Amino acid sequence: MITGDHPVTAARIAGDLGLSEPGDTAVTGAQLDELDDAGLRAVTASMSVYARVSQHNKLQIIDALQAQGNVVAMTGDGVNDAPALKSADIGVAMGNTGTEVTKEASKMILGDDNFATIVSAVRQGRVISDNIEKFLRYLLSSNMREVFTVFLGVAFAGAMGLAGAGGEAVALPLLATQILWINLITDSGPALARGVDPEIGDVMARTPRKMTDRILGRRMWVGILSVGLVMGVASLATIDIFLPAAATPWMWLEPPGSPPWSWHSCSTPSTRVRI
């Protein structure tokens with residue numbers, strides 16, 4: 001809490017609100033002016049209430065918090081709050097009582113001037129972030145399944161009986177139309193459903209993400225590749241068990257130097273479709 005009121009008043013209000021412990025004092029702007037950068041970082045890491053502060057002191061507090069890797073949100077309504085709102089990572093202006101200068105300097109405006117709205121916005125933002133991760137995880141895992149199915153099917157075509165005579169041609173495990181059908185039917189609907197999932201658990205109980213955290217981080221990529229590999233191997237195993245090569249229509253990959261492509265209807269590997 002940063003205020004221009006008397007330190008005793010600020011400490012009493014902060015104690016009533018639960019921002020500080022009973023008996024704690026507020027740090028004044030004059031005390032902040034006497035500190036160097038290291039002292040400012042130490043004070044802002046332990047103190048929560050500041051009184052008799054100026055515009056410069058607000059910027060000092062914000063800079064010290066940001067130097068410690070914190071994401072700083074600053075609220076304000078007056079003209080003197082505009083520089084601090086501009087410097088903060090998220091400047092929040094009051095929509096009803098705030099000045100136009102403050103609104104222009106901020107990144108978010110509270111239409112009802114209610115701080116509880118900030119909590120609701122953070123909660124909804126975390127739910128949206130979770131749904132984006134679910135959407136990407138499902139969609140990319142499904143696409144990696146197709147990649148692994150085609151790649152491993154071609155790489156191990158001989159062992160699976162998907163190679164032609166002499167190994168000069170290789171059958172594709174999935175045709176282009178089959179891949180389009182998978183993307184259209186089995187990917188789109190479930191992925192969109194994951195994008196509108198309701199809140200699961202209490203998202204506000206989690207600590208904030210770091211500024212350096214990425215949605216597609218290392219952990220997610222490991223999960224995507226692992227799930228895609230498992231599904232790809234399972235798809236190839238299903239093809240090998242239930243669809244014998246002698247009774248399965250395939251599209252063959254001809255080696256370089258083959259005659260120009262032509263289409264034929266095929267029911268056995270002896271009839272090849274050149275692409």
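Partly exposed, as used here, means a relative accessible area between the 20% under which a residue is buried and the 50% over which it is exposed. Keep that band in mind for R52, which counts as partly exposed because its relative accessibility is 45%. What you have here is a predicted model. The chain has 275 residues, and 31% of them are buried. Its fold is built from ten helices and seven strands. Of the contacts with a separation of 6 or more, 51% link residues 24 or more positions apart.

**The largest pocket**

- Let's start with the open space: the largest pocket comes out at a volume of about 1,100 Å³.
- Its lining counts 26 residues, and V71, I90, V122, R126 and P208 are the closest to the centre.
- Three elements each put two or more residues into that lining, namely β3 (73-76), β4 (90-94) and α7 (116-155).
- Which of these elements gives the most to the lining of the largest pocket? That would be α7, with nine residues.
- Sorted by class, the lining of the largest pocket holds 13 nonpolar residues, eight charged ones and five polar ones.

**The second largest pocket**

- Next up is the second largest pocket, with a volume of about 780 Å³.
- Here the lining runs to 28 residues, and those closest to the centre are M1, I2, A73, M74 and T75.
- Two elements, α4 (55-67) and β3, give two or more residues each to the lining of the second largest pocket.
- The top contributor to this lining is α4, which brings five residues.
- As for chemistry, the lining of the second largest pocket has 15 nonpolar, ten polar and three charged residues.
- Note that β3 turns up in both linings: it gives two or more residues to the largest pocket and two or more to the second largest.

**Nonpolar cores**

- The largest nonpolar core is a set of eight residues: V27, L32, L40, V43, Y50, V53, I61 and A64.
- Helices α3 (37-46) and α4 each supply at least two residues of this core.
- Take V27 as a way in: setting aside residues up to four places away in sequence, V27 touches L32, V43, M47, V49, Y50 and A51.
- There is also a second, separate core of seven residues, and I62, M74, A84 and L85 are among them.
- M74 does double duty, as a member of that second core and as one of the residues closest to the centre of the second largest pocket.

**Strands β3 and β4**

- How do β3 and β4 pair, in the parallel or the antiparallel sense? They run parallel, with four bridges between them.
- For one of the pairings, look at G76, whose bridge partner in β4 is A93.
- β4 is largely enclosed by the rest of the structure, because four of its five residues are buried.
- Even so, β4 is among the elements that give two or more residues to the lining of the largest pocket.

**Backbone spots to check**

- As background, most residues other than glycine have a negative phi.
- R52 goes the other way, with a positive phi of about 50° although it is not a glycine.
- You'll find R52 in the loop between β2 (50-51) and α4.
- D113 is another non-glycine residue with a positive phi, near 55°.
- D113 sits in the loop between β5 (108-110) and α7.
- With a relative accessibility of 21%, D113 counts as partly exposed, since the buried class stops under 20%.

**G195 and R145**

- G195 is placed in the loop between α9 (176-194) and α10 (218-242).
- Its 34% relative accessibility is why G195 counts as partly exposed.
- G195 and E133 are 62 residues apart along the chain, yet their C-alpha atoms are separated by 8.6 Å.
- Is R145, in helix α7, buried or exposed? R145 counts as buried, because its relative accessibility is 18%.
- Leaving out neighbours within four places in sequence, the contacts of R145 are I182, T186, D187, G228, M231, G232 and S235.

How values were computed: Residues are numbered from 1 along each chain as its sequence is written. This is a predicted model: local features need pLDDT of at least 70, side-chain atom pairs count only at pLDDT 80 or more; totals for chains, interfaces and linings use all residues. Side-chain values use heavy atoms; hydrogens and water are left out. On a 1 Å grid over the protein atoms alone, a cavity is a set of points where a 1.4 Å probe fits but cannot get out, and a pocket is an open set with protein on both sides within 12 Å along at least five of seven lines; lining residues have an atom within 4 Å of a point. Grid points are joined across faces, edges and corners, and a volume is the space filled by probe spheres set on the points. Ala, Val, Leu, Ile, Met, Phe, Trp, Tyr, Cys and Pro count as nonpolar, Asp, Glu, Lys and Arg as charged, and the others, Gly among them, as polar. A nonpolar core is a set of buried Ala, Val, Leu, Ile, Met, Phe, Trp, Tyr and Cys residues joined through side-chain atoms within 4.5 Å. Buried means under 20% relative accessible area, exposed over 50%, partly exposed in between (1.4 Å probe, protein chains only). Contact means heavy atoms within 4.5 Å. Two strands pair if DSSP finds at least two bridges between them.
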